[in-house]
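Welcome, and thank you for taking a look at this structure. Here is a short tour of some of its contacts and pairs.

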Amino acid sequence: TRLYASYRNVDPAPQPQLALPVAVFEDIMAHEGSSLDPKDRAVADLITIAFFFLLRVGEDTPPDRNRRTRTTQIRRKDIQFWRARPNGILDRMSPLASLNDLLTADSVTITLDNQKNGQRDAVLHHDALPANPICPVRATARRYAQIRLCDPTNSNAIISLYAPNKHVSARNMQGNIQRAALRSMIWLQGYDLRRIGPHSLRASGVMQLQLTGGSDAMIQQMGRWSGKTWHTLRPRSHTTLTLKTNGT
């Protein structure tokens, strides 16, 4: 017991990554999302998906080559799009639907086959936000159509594929998020740019749910937490309490 206590005493304090304001994600979609580079567009869409679905970075990007993980990345076969009837009943759209049709879907469902914490077959669902520059359905539709184009016969192709045999990495996402944070000048609000990275997407999604009235039970369910560890993502200072929803 004393030995473990001494280990804890010399360990550095944990530095959780910070939740970001919606303006950063709008900036990413305005710049990288409109880029002519397919990799930039893929990064922008993956960031949007991770923000809305509270994803861990390993759930939408491949692991390092020399690292084995329990997590199964999101595959094409794990994604379903839905069209709503006037009475509210949802009809599943064809997996062969064109990109234009997928972009008009009313909602999308993602199944997480296996996660870091061992939870299996978690089902996440989001409705479209037609008037919003960042929309989980449109971002997922673009990723779905792209991986289908890059590897048409492989339903196990993962969501980070942006060109044949080329994937967006966690490092790509981190660099993009930090550039957007610089462009947005959120450091003027007290943000430490060294504490901004891929996990900020999960923290940002939690923050927005809380600011828009989401209950603790709903946030815990959406984030697939079995305990109360997500409470560490709550705001603890005036700088993080200044986040705005910007109508989203």
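Let us begin with one leucine. Setting aside neighbours within four places in sequence, Leu 209 touches Leu 54, Gly 214, Met 218, Ile 219 and Met 222, where contact means heavy atoms within 4.5 Å. Leu 209 sits in helix α7 (residues 199–211). Helices (H or I, at least four residues) and strands (E, at least two) are DSSP runs, numbered from the N terminus. Of its partners, Ile 219 is ten residues away in sequence, and the C-alpha atoms of Leu 209 and Ile 219 are 6.9 Å apart in space. Leu 209 counts as buried because its relative accessibility is 17%; buried means under 20% relative accessible area, exposed over 50%, and partly exposed in between (1.4 Å probe, protein chains only).

A word on where these values come from: this is a predicted model, in which local features need pLDDT of at least 70 and side-chain atom pairs count only at pLDDT 80 or more, while totals for chains, interfaces and linings use all residues. Residues are numbered from 1 along each chain as its sequence is written, and side-chain values use heavy atoms, with hydrogens and water left out.

**Two helices that cross**

How do helix α3 and helix α6 pack, and at what angle? Helix α3 (residues 38–53) and helix α6 (residues 170–184) meet at an angle of about 80 degrees, and their axes are 10 Å apart. Axes here are lines fitted to C-alpha atoms, for helices over the stretch in contact, and angles run from 0 to 180 degrees between N-to-C directions. The helices α3 and α6 are therefore roughly perpendicular to each other; under 35 degrees counts as roughly parallel, over 145 as roughly antiparallel, 65 to 115 as roughly perpendicular and the rest as oblique. On the α3 side, Lys 39, Val 43, Leu 46 and Ile 47 take part, and they meet Asn 172, Met 173, Asn 176 and Ile 177 of α6. By class, the contact of α3 with α6 has five nonpolar, two polar and one charged residues. In this scheme Ala, Val, Leu, Ile, Met, Phe, Trp, Tyr, Cys and Pro are nonpolar, Asp, Glu, Lys and Arg are charged, and the others, Gly among them, are polar.

**A glutamine in a loop**

Gln 73 lies in the loop between α3 and β1 (79–84). Is Gln 73 buried or exposed? Gln 73 is buried, as its relative accessible area is 11%. Beyond neighbours within four places in sequence, Gln 73 has contacts that include Gly 58, Glu 59, Thr 61 and Ile 158.

**Salt bridges**

Side chains of opposite charge can pair when their charged atoms come close. The structure holds seven salt bridges, each a side-chain nitrogen of Lys or Arg within 4 Å of a carboxyl oxygen of Asp or Glu. Three of the pairs are set out here.

| Pair | N to O distance |
|---|---|
| Arg 183 and Glu 32 | 2.9 Å |
| Glu 59 and Arg 56 | 3.0 Å |
| Arg 194 and Asp 192 | 3.1 Å |

The pair of Arg 183 and Glu 32 links distant parts of the chain: Arg 183 is in helix α6, Glu 32 is in the loop between α2 (22–31) and α3, and the two are 151 residues apart. Arg 183 is partly exposed at 33% relative accessible area, whereas Glu 32 is buried at 7%. Asp 27 joins Glu 32 and Arg 183 in a network of salt bridges.

Glu 59, which is also among the contacts of Gln 73, is buried with a relative accessible area of 1%. Its partner Arg 56 counts as buried at 15% relative accessibility. In the remaining pair of the table, Arg 194 counts as exposed at 75% relative accessibility, and Asp 192 is partly exposed at 25%.

**Aromatic pairs**

The whole structure has four aromatic pairs; rings of Phe, Tyr and Trp (its six-membered ring) pair if their centres lie within 6.5 Å, and planes under 30 degrees apart count as stacked, over 60 as edge-to-face and the rest as tilted. With ring centres 6.3 Å apart and planes at 70 degrees, Tyr 4 and Tyr 7 form an edge-to-face pair. Both lie in helix α1 (residues 2–10), three residues apart, about one turn of the helix. Tyr 4 is exposed at 58% relative accessible area, and Tyr 7 is partly exposed at 44%.
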